[in-house]
Amino acid sequence: MSQSAYITFVAGSSVEKLSLQGIKEWLEHYRQQTSLTGQQIGWDYANAAFPYTIETKAGEEERWFFLKGKAPLYRYILFGVGSREHDQQHYVQVVLPEDATHGDKAKGNELCKYLAKQLKAELKLFNGRTIFYNPRK
């Protein structure tokens with residue numbers, strides 16, 4: 001059974017909503033940051049921190065995209081965007097397919113935490129726990 005994590009944009013978040021292109025830009029920013037870290041320590045950290053390529057399926061470019069693993073420990077992570085009808089909150093859904101590995105789940109959690117922290121959003125992890133990165137009173 002597949003698992004999903006949700007990054008929800010709430011009051012206090014940096015943005016109201018994010019497009020698929022915006023998610024790709026944030027993932028590219030993450031890759032660049034890890035590349036710079038690798039240069040400082042003299043190791044190819046970018047490939048270890050982001051062992052995926054960003055892929056789309058023909059005809060589905062507007063609905064979702066996926067990260068395809070470059071190493072045997074990693075397979076797929078899917079990203080999509082949407083909004084709830086009852087309260088109009090926008091979210092990013094991150095899905096681990098049924099054949100996802102433990103490495104995919106760990107990287108999925110890491111990428112979700114990174115995105116939620118940068119965007120000051122609410123994050124519901126794959127295990128159902130919630131982390132609030134948004135400023136609350």
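Val 94 touches Gln 3, Ser 4, Ala 5, Ile 77, Leu 78, Phe 79, Cys 112 and Phe 126, not counting residues up to four places away in sequence. In this predicted model, that list of neighbours is a convenient place to begin, and the paragraphs below follow it outward, from the sheet to the core and then to the helix H3.

The sheet is an open one of seven strands, arranged in the order S2-S3-S4-S5-S1-S6-S7 with antiparallel pairing. Its edges are formed by strand S2, residues 52-55, and strand S7, residues 130-132, each of which pairs on one side only. From one strand to the next, the twist averages 20 degrees.

Within that order, S5 has S4 on one side and S1 on the other. Between S4 and S5 the pairing is antiparallel and runs over six bridges, and one position where the two strands meet is Gly 82, which stands opposite Tyr 91 in S5. S1 and S5 likewise run antiparallel and are joined by six bridges, with Gln 3 having Leu 96 as its bridge partner in S5. S1 also pairs in the antiparallel sense with strand S6, residues 122-124, over three bridges, and here Thr 8 stands opposite Glu 122 in S6.

Two residues of S1 show what surrounds this strand. Ala 5 lies in S1, which spans residues 3-8, and is buried, with a relative accessible area of 0%. Leaving aside neighbours within four places in sequence, Ala 5 is in contact with Val 92, Gln 93 and Val 94, with Cys 112, and with Lys 124, Leu 125 and Phe 126. The fold also brings the C-alpha atom of Ala 5 to a separation of 9.5 Å from that of Arg 129, although the two residues are 124 apart along the chain.

Tyr 6 is found in strand S1 as well, but this residue is partly exposed, with a relative accessible area of 28%. Its contacts, again leaving aside neighbours within four places in sequence, are with Tyr 91, Val 92, Gln 93, Glu 122, Leu 123 and Lys 124. Among these, Gln 93 is joined to Tyr 6 by a polar contact of 3.2 Å between the two side chains. Tyr 6 and Val 95, which are 89 residues apart in sequence, are 8.8 Å apart in space, C-alpha to C-alpha.

The description now turns to the nonpolar core. The largest such core has 29 residues, of which Ile 7, Ile 23, Leu 27, Leu 67, Phe 79 and Val 94 touch the most other members. At least two residues of this core come from each of S1, helix H1 (20-41), strand S3 (64-69), strand S4 (76-83), S5 and H3. H3 gives the most to this core, with six residues.

H3 itself has 18 residues and reaches 26 Å from its first C-alpha to its last, close to the 26 Å expected at 1.5 Å a residue. Its buried residues are Gly 103, Asp 104, Lys 107, Gly 108, Leu 111, Cys 112, Tyr 114, Leu 115, Ala 116 and Leu 119; of these, Cys 112 has already appeared as a contact of Ala 5 and is also touched by Val 94.

At the start of the helix, Thr 101 is found in the loop between strand S5 (90-96) and helix H3 (102-119). Thr 101 caps the N-terminal end of H3, with a side-chain oxygen lying 3.3 Å from the backbone nitrogen of Gly 103, and its side chain also reaches the backbone oxygen of Leu 73 at 2.4 Å. Apart from neighbours within four places in sequence, Thr 101 is in contact with Leu 73, Tyr 74 and Arg 75. Thr 101 counts as buried because its relative accessibility is 19%, where the limit for buried is under 20%.

Two loop residues deserve a closer look for their backbone angles. Most residues other than glycine have a negative phi. Lys 120, which follows H3, has instead a positive phi, near 50 degrees; Lys 120 has its place in the loop between H3 and S6 and, at 40% relative accessibility, counts as partly exposed. Gln 88 also has a positive phi, near 60 degrees. Gln 88 lies in the loop between S4 and S5 and is exposed, with a relative accessible area of 51%.

Technical notes. Residues numbered from 1 in each chain as written. Predicted model: local features only at pLDDT ≥ 70, side-chain atom pairs only at ≥ 80, totals over all residues. Heavy atoms only, no water. Helix = DSSP H or I, 4+ residues; strand = E, 2+ residues; numbered from the N terminus. Buried < 20%, exposed > 50% of the residue type's maximum accessible area, 1.4 Å probe, protein only. Polar contact = N/O pair within 3.5 Å; in protein donor to acceptor, adjacent residues only side chain to side chain. Contact = heavy atoms within 4.5 Å. Pairing = 2+ DSSP bridges. Core = buried A, V, L, I, M, F, W, Y, C linked by side-chain atoms within 4.5 Å. Expected span 1.5 Å × (residues − 1). Axes fitted to C-alpha atoms, helices over the stretch in contact; angles between N-to-C directions.
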